Each structure stands twice: as structure tokens, then as C-alpha cells.
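Please open the structure in the viewer and keep the selection panel at hand. The tour proceeds from an interface to one helix.

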Amino acid sequence: MNTKTEALKGWTREQMAQRAALDIPDGAYVNLGIGIPEMAAQFVPAGREVIYHTENGLLGMGPPPAVGEEITELINAGKKSITAIPGAAYFHHADSFAMIRGQHIDICILGAMQVSCEGDLANWSTGAADAIPAVGGAMDLVAGVKTIFVITQHTTKHGDPKIVKSCSYPLTGKGVVSRIFTNLAVIDVTPEGLVLKELAPGISFDYVQERTEAPLILKGNK
Amino acid sequence: MIDKRIESVAAAVADIKDGATIMIGGFGEAGSPIELIHALIDQGAKNLTVINNNTGSGHVGLAALIENEQVSKMICSFPRTANSTVFPDLYRRGKIELELVPQGTLAERIRAGGAGIPAFYTPTSVNTPLAEGKESRIFGDRTYVMEYGLTADFALIKAEQADRYGNLIYNKTARNFGPIMCMAANSTIVQAGKIVEVGAIDPETVITPGIFVNRITTVSDPALESKLVKEGRSYP
């Protein structure tokens with residue numbers, strides 16, 4: 001863990017992943033983005049069976065192999081070595097994205113650069129002139145997966161809000177996010193606006209609101 | 001008699017001409033036909049349009065083909081790699097064109113091209129910069145953008161096993177774009193780890209039926225991109 005993370009208040013990266021994992025139901029087919037989202041797989045509560053999809057062509061992704069036990073050409077979407085569980089299936093890319101676009105995957109957890117109060121997501125480009133644009137499967141995932149969760153630090157490393165009224169970065173998808181897990185809180189995107197669902201230990205509603213550009217609704221206190 | 005076997009990777013890519021459109025299989029190193037790509041570097045065809053999910057790693061395989069300035073345009077979803085500056089450098093200098101396509105749209109465009117479908121509608125990229133300038137249409141209560149099928153002059157594909165008919169099986173997540181690219185190219189060139197007798201592959205387990213394959217050559221001990229990159233290797 002780096003010092004930057006230590007200095008942040010509220011939940012750690014692992015705790016954010018653990019909190020999100022609580023909301024993955026038994027029997028779900030799940031796609032996890034690179035970074036904090038993929039850590040959620042370690043924290044699924046005992047007794048739940050969850051199948052992980054990796055969009056490069058495997059349903060039934062298992063944990064990473066031990067060092068020295070990597071299997072040739074068995075990798076995840078982040079191009080890291082993985083394992084396949086008993087009962088796994090390999091398939092080509094068009095089938096893999098049919099699972100995504102065809103609304104067969106139940107939950108996808110992604111990282112974010114910005115999320116708006118209407119559930120718009122920006123997570124692929126800052127739009128900077130010299131940036132090399134790269135999108136991967138993010139736009140397909142938000143267009144097709146039934147439920148999109150986001151895990152992100154509440155603010156940028158400069159302290160700017162990432163949960164905003166309107167995204168300034170190019171969109172990945174419009175109105176696609178349903179729940180946001182940050183180091184400070186769990187927030188639901190609803191037709192009424194952003195509803196604060198849960199606070200990290202020691203964090204107050206006002207502390208979260210000060211770091212959120214969009215207004216938050218406190219449950220039972222509209 | 002049908003026999004799609006060719007004696008070498010060099011002979012297999014010999015007729016690729018300047019300006020050709022080439023689909024290259026692989027997602028990262030899984031399924032990357034490095035020996036065929038290196039044969040194409042030796043062969044020297046230029047001004048190529050290459051369709052691949054990425055732009056290669058280090059200075060071998062696809063990255064080496066790009067570095068050798070044989071590629072004038074890339075059609076891909078993710079042209080950045082942690083360990084390669086080859087594409088970003090040429091792109092920033094205006095030496096290579098990029099058509100950025102969402103990954104699932106790229107796969108479906110290739111599938112459609114191979115299936116004789118000229119265009120289709122997808123919900124992916126609606127309300128984003130990647131949908132700008134594209135035709136859109138509402139079906140039910142949702143907006144979709146039109147995307148065109150993709151075909152190619154050649155496909156370079158890596159398989160685990162082949163028979164002389166061109167029936168193929170792949171290795172784990174190396175399958176990725178292989179089956180759909182085999183369908184979408186005029187001439188599909190395959191490097192197989194092993195060529196087996198006709199009938200040795202159970203018809204129930206054939207992944208790519210031989211009708212989609214034109215040439216097969218054996219590369220029994222294919223190089224792995226990550227190993228070459230780790231060793232600091234470059235090609236040629």
C-alpha cells in the first residue's frame with residue numbers, strides 16, 4: 001500500500017473492494033475492471049458462488065497463479081496471468097462481447113475518472129490533445145451489463161471532486177452507473193439524485209458533501 | 001486433394017502486397033502470431049492497414065512491424081501498452097493513423113464482415129465522442145449507432161493444432177480474435193503449434209472449421225512476447 005492511500009480518510013482500497021463485494025449476490029456473473037475493482041473477487045462473502053467473466057474470452061476466471069506456475073496464454077483483460085476454475089469456458093471475442101452487450105452479465109465494477117449525479121461515467125480519456133486515446137471494452141460494458149458499480153477514491157489526488165454535476169471528460173456512457181463505492185461513502189444514483197446510502201467509519205455527511213460537487217440526499221431527510 | 005500446408009512462414013506471407021489490410025490475431029501476447037509477423041517484417045510489405053486489439057509490446061511482433069514503418073493505419077481498441085512507446089511515438093509524430101473502436105464493436109465488426117453483414121446497430125458508444133458523425137437510429141426506447149463490418153485481405157492467426165483441411169483448435173485465452181478473423185479475411189494464414197492427421201481433431205471440438213482457413217504452417221515452439229520483451233529482444 002502506498003503512502004498516498006494511507007493519508008486518505010475512510011476506507012482503504014481493500015475495504016472499498018470488500019464493501020462492494022457485499023453487494024454481489026450469490027449466483028451472479030460478474031466482470032471486474034482493472035485496479036481496485038478486481039480486488040473485489042477476494043472478498044465475496046462465504047457461501048456465495050460467483051462466476052467471473054474476463055472479456056478477452058473466459059468465463060470462470062480464478063485467482064492469479066503462484067509465481068512460477070503461470071500458464072501460457074491464460075491471461076485476463078489486464079493481460080495478467082490468471083487461472084481457470086473447474087467448469088470454466090473459453091470463447092472468442094464476439095461471443096465474449098455478446099455476453100456483455102446482450103445483457104447476460106449481471107454486474108460490472110469499474111473505476112472512474114468522473115461520475116455525474118445522473119450516472120454518467122467518464123473513465124477512458126481526459127480528452128487532452130496529446131493523449132493517446134484508448135477505450136478497450138469500457139463502452140461495451142456500460143452499454144450492456146445490467147448493473148454498473150463504480151469503485152473510486154472520492155476525490156482526485158489534487159483533492160478535486162470526482163462525483164460531479166456534469167462530467168467534463170469525454171463520456172464512456174450516459175446514465176449507466178447505479179452505485180458508487182468510494183473511500184468515504186456508498187452512494188446510489190437514483191431518479192431523485194445521489195442518495196447517500198452508507199458512510200465510512202468516522203466520516204460525516206457534511207465531510208462527504210464538501211468533497212462532492214453534486215448535492216447528496218440523506219436518506220429519510222430529503 | 002485439399003492440402004493447405006505451406007512449408008514455411010516466409011512462403012506463407014510471400015504474396016502480401018503493399019497497401020494490404022491485415023487482421024492480426026491475439027490479445028496482448030495470447031494468440032499473437034509472432035513468427036508470421038516477423039516473416040512479414042522480413043518480407044517488407046509497406047503501407048499496411050492492421051486490425052488488432054492493441055499495438056504490440058516492446059520491440060518484437062506487432063510493435064516491431066509498426067516500428068519498421070510498415071503500418072500506415074491501425075484499427076484497434078487499446079493502442080497503449082505499459083511497455084511499448086512504439087505506437088505512441090509514431091502517432092504523436094503524425095506517422096501513423098488510428099481508428100479507435102470499442103473492443104466489442106471491433107469484435108462484432110469483424111464477425112459481421114466474415115458473416116456477410118455490411119453494417120449493424122449497436123448501443124455501444126452512444127452519447128460518446130466515438131459515436132460522433134455516425135448514423136444512429138432508435139429501436140424501442142433506445143438509441144443505437146451504425147457500425148460497418150470489417151473484412152481484410154489477409155489474417156495472420158496462431159492456433160494450437162490444425163489439420164490439412166484447416167480445422168483449428170486454440171489454446172485457452174489465445175482464442176480471442178482468431179475464429180472471427182479467420183472468417184473475415186480473404187486469405188487466412190495460420191501458424192499452428194502442430195499439424196495433425198485429418199480426423200485426429202474430434203469434430204465436436206473443432207473451433208474454426210477449415211473452410212475459413214487458406215494456409216497453415218507449423219511453428220512448433222512459438223516465441224512468447226513477454227519472454228522476448230523481458231529479454232530486451234528486438235526484431236529484426
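The stops below treat the interface of two chains and then a helix of one of them.

The model is predicted. Begin by colouring chain A and chain B separately: 44 residues of chain B are in contact with 36 residues of chain A. Together the two chains bury about 3400 Å², of which 64% lies on carbon and sulfur atoms. Next, select B:F27, B:K172 and B:T173; these residues supply 18% of the area that chain B buries against chain A, more than any other three residues.

For the polar side of the interface, display B:K158 and A:E73. They form a salt bridge whose closest N and O atoms are 3.0 Å apart, and the count between the two chains is 1 salt bridge. Across the interface, 22 residue pairs are in polar contact.

Now show chain B as a cartoon. Its α4 (86-92), β4 (97-100), α5 (103-114) and α6 (178-184) each supply at least two residues of the side that touches chain A. Which element gives the largest share of that side? It is α5(B), with 6 residues. By class, the side of chain B that touches chain A has 20 nonpolar, 15 polar and 9 charged residues.

Finally, select α5(B). This helix has 12 residues and reaches 17 Å from its first C-alpha to its last, close to the 16 Å expected. Is α5(B) mostly covered or mostly uncovered? It is mostly covered, with 10 of its 12 residues buried; among them are B:L106, B:E108, B:R109 and B:I110. Just after α5(B), stop at B:G116, which takes a positive phi of about 80°.

Methods:
Residues are numbered from 1 along each chain as its sequence is written. Chains are lettered from A and ligands numbered from 1 in the order in which they are written. This is a predicted model: local features need pLDDT of at least 70, side-chain atom pairs count only at pLDDT 80 or more; totals for chains, interfaces and linings use all residues. Side-chain values use heavy atoms; hydrogens and water are left out. Contact means heavy atoms within 4.5 Å. Buried area is the accessible area (1.4 Å probe) that two parts lose on being put together, summed over both. A salt bridge is a side-chain nitrogen of Lys or Arg within 4 Å of a carboxyl oxygen of Asp or Glu. A polar contact is a pair of N or O atoms within 3.5 Å; within protein, one must be able to donate a hydrogen and the other to accept it, and residues adjacent in sequence count only if both atoms are side-chain atoms. Helices (H or I, at least four residues) and strands (E, at least two) are DSSP runs, numbered from the N terminus. Ala, Val, Leu, Ile, Met, Phe, Trp, Tyr, Cys and Pro count as nonpolar, Asp, Glu, Lys and Arg as charged, and the others, Gly among them, as polar. The expected span of a helix is 1.5 Å times one less than its number of residues. Buried means under 20% relative accessible area, exposed over 50%, partly exposed in between (1.4 Å probe, protein chains only).
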